[in-house]
Amino acid sequence: MREQSFDKFSLSKMIRQSDFYKCKNLADEQIFEKVIEESYQLAHGLTAPVISNTVSKGKDVYYVDRLSYKLILRKLQSNIRNKIETDRLQRNEIVRNLVSYLQEGVESKVICIDLKSFYESIDIDSLLSKAAKIGSLSYHSKKLIDLVLEEHRSLGGKGVPRGIELSSLLADLYLQEFDEWIKRIDGVFLYKRFVDDILIMTDHKVDGKSILTSIKNKLPANLCVNDLKTKIIKIKKRTHSPNDVKGKLAAIIDYLGYKIKVIDTHIPPAKKCASSEGKANSVYRKVVIGVSDKKLNKIKTKLCKAFYNYELNRDFTLLLDRIIFLSTNRLLINKDKNRKMPTGIFYNYPLVNDDSESLKVIDFYIRALTLGSGCRLSKKLDASLSKSQVKTLLKISFARGFTKKIHKKYSLNRLKEITRIWK
């Protein structure tokens with residue numbers, strides 16, 4: 001288990017390039033060695049980390065500021081990841097998998113399950129018991145897991161600390177046996193989980209309510225299903241919809257920020273002959289992907305905050321930058337990997353293929369607010385925006401920002417000012 005050792009060399013390998021930006025003096029050899037020495041002493045002295053917390057979106061989010069302890073957590077995370085099997089696909093990969101199955105057109109059922117207060121509901125004693133059973137994980141690593149979780153619990157925290165990188169891996173460990181159990185259920189041919197969002201696709205003969213009941217009974221201690229966000233969607237066998245040129249809607253699935261529409265499309269009839277008159281050449285199923293209503297509403301909320309803030313400060317340039325920021329894309333520098341990472345309206349929803357119809361909803365929303373929809377905010381804007389300012393705002397398009405992958409650049413200070421009201 002030497003590769004799991006918390007020695008000075010291993011801890012120094014946990015230093016990231018971004019650490020040199022956050023800790024300006026880290027490039028100094030003496031300070032670098034001091035941080036590594038402190039990290040080594042903390043790890044071997046089994047010293048509890050100093051965990052701080054803030055509130056984000058109504059939930060407590062935890063973090064560790066001290067670099068010396070961040071190195072310990074990174075090494076601990078590396079040790080655990082190397083000893084447990086996890087099927088950690090990215091959000092868009094999971095949606096691609098689902099779309100591939102939907103296109104086949106077989107009769108099936110899709111079960112979307114949301115776990116309520118996932119991180120906070122994990123039973124620590126049960127989690128520690130699971131960690132203790134990993135025979136290949138070092139004793140030192142297990143003690144440090146215990147130390148971090150007990151420190152979080154002593155602060156009044158429940159479950160695992162949301163926000164700390166280690167927590168997502170511990171959550172995977174907690175659900176590892178459960179994940180494998182679902183995959184073995186007869187009739188299940190697709191199972192994916194993205195943190196607390198579970199997707200199951202089954203044969204049409206499977207009783208959806210029965211399998212959901214079994215899942216609720218099989219969930220590890222303290223975890224429960226959020227019934228309000230859990231759905232069973234029946235998908236019939238595909239048809240060629242010969243009488244409807246636009247096709248026939250077979251199902252709608254909201255998952256991971258996307259609204260997925262399953263459509264049985266119209267196919268032109270085959271060439272006339274005695275055996276084929278009025279029949280289609282082939283049958284296939286179309287899957288149209290848009291932005292989910294929930295995500296669209298979040299964008300609308302951000303727009304409203306931008307407009308209300310404008311009513312307070314009358315800074316039109318800042319208002320313009322905020323709306324352009326939401327409707328375009330930009331490159332972020334990943335200092336750890338030394339590469340540029342694209343993000344924004346296109347890169348957040350790269351699988352959208354609905355001709356930007358879902359994003360045009362936002363364009364219409366801006367138009368309604370600025371030209372007068374009768375709501376309170378619209379009336380305020382009618383009195384405060386000039387005709388030229390309204391004209392400038394109406395030139396902004398979320399649909400165009402998506403389709404043309406429009407990029408904008410902002411300084412770090414301007415980014416902070418733009419996003420400040422959405423924190």
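These are my notebook entries on a sheet, some salt bridges, one buried residue and the domains of this predicted model.

**Ground rules**

I'm working from a predicted model, where local features need pLDDT of at least 70 and side-chain atom pairs count only at pLDDT 80 or more, while totals for chains, interfaces and linings use all residues. Residues are numbered from 1 along each chain as its sequence is written, and side-chain values use heavy atoms, with hydrogens and water left out.

**Entry 1: the sheet**

I looked up how strands 7, 8 and 9 are arranged. They form an open sheet in the order 7-8-9, with antiparallel pairing. For my notes: strands (E, at least two residues) and helices (H or I, at least four) are DSSP runs, numbered from the N terminus. Two strands pair if DSSP finds at least two bridges between them. In general, strands of a sheet pair through backbone hydrogen bonds.

The edges are strand 7 (248–255) and strand 9 (285–291), each pairing on one side only. From one strand to the next, the twist averages 20 degrees. Angles here run from 0 to 180 degrees between N-to-C directions, with axes being lines fitted to C-alpha atoms, for helices over the stretch in contact.

I then checked strand 8 (residues 258–264) against strand 9: seven bridges, antiparallel sense. One partner I wrote down is Val-291 in strand 9, which bridges to Tyr-258. What packs on this sheet? Helix 5 (residues 91–104) does. That helix touches strand 7, strand 8 and strand 9, and its direction makes about 15 degrees with that of strand 8. Contact means heavy atoms within 4.5 Å.

**Entry 2: salt bridges**

My rule: a side-chain nitrogen of Lys or Arg within 4 Å of a carboxyl oxygen of Asp or Glu. The count by this rule comes to 19 salt bridges.

I followed Arg-153 to its partners. With Asp-125, the closest N and O atoms are 3.5 Å apart. This pair links distant parts of the chain, 28 residues apart: Arg-153 sits in helix 8 (residues 139–154) and Asp-125 in helix 7 (residues 124–132). With Glu-150, the closest N and O atoms of the salt bridge are 2.5 Å apart. Arg-153 and Glu-150 are separated by about one helical turn, because they are three residues apart in helix 8. Asp-125, Glu-150 and Arg-153 are thus noted as linked in a network of salt bridges.

Are these residues buried or exposed? Arg-153 is partly exposed at 34% relative accessible area, Asp-125 is partly exposed at 48%, and Glu-150 is partly exposed at 31%. The cut-offs are under 20% for buried and over 50% for exposed, with partly exposed in between (1.4 Å probe, protein chains only).

Next I looked at Asp-227 and Lys-216, whose side chains meet in a salt bridge at 2.9 Å, N to O. Asp-227 is in the loop between helix 10 (208–218) and strand 6 (231–235), and Lys-216 is in helix 10, eleven residues apart. Asp-227 is partly exposed at 49% relative accessibility, and Lys-216 is partly exposed at 37%.

**Entry 3: Asp-321**

I found Asp-321 in helix 12 (residues 316–327). Asp-321 counts as buried because its relative accessibility is 17%. Which residues does Asp-321 touch? Not counting residues up to four places away in sequence, I get Tyr-410, Arg-414 and Ile-418.

**Entry 4: domains**

The domain assignment gives domain 1 (8–82) and domain 2 (294–420). These bounds come from an automatic or database domain assignment. I noted that the C-alpha centres of domain 1 and domain 2 lie 36 Å apart.
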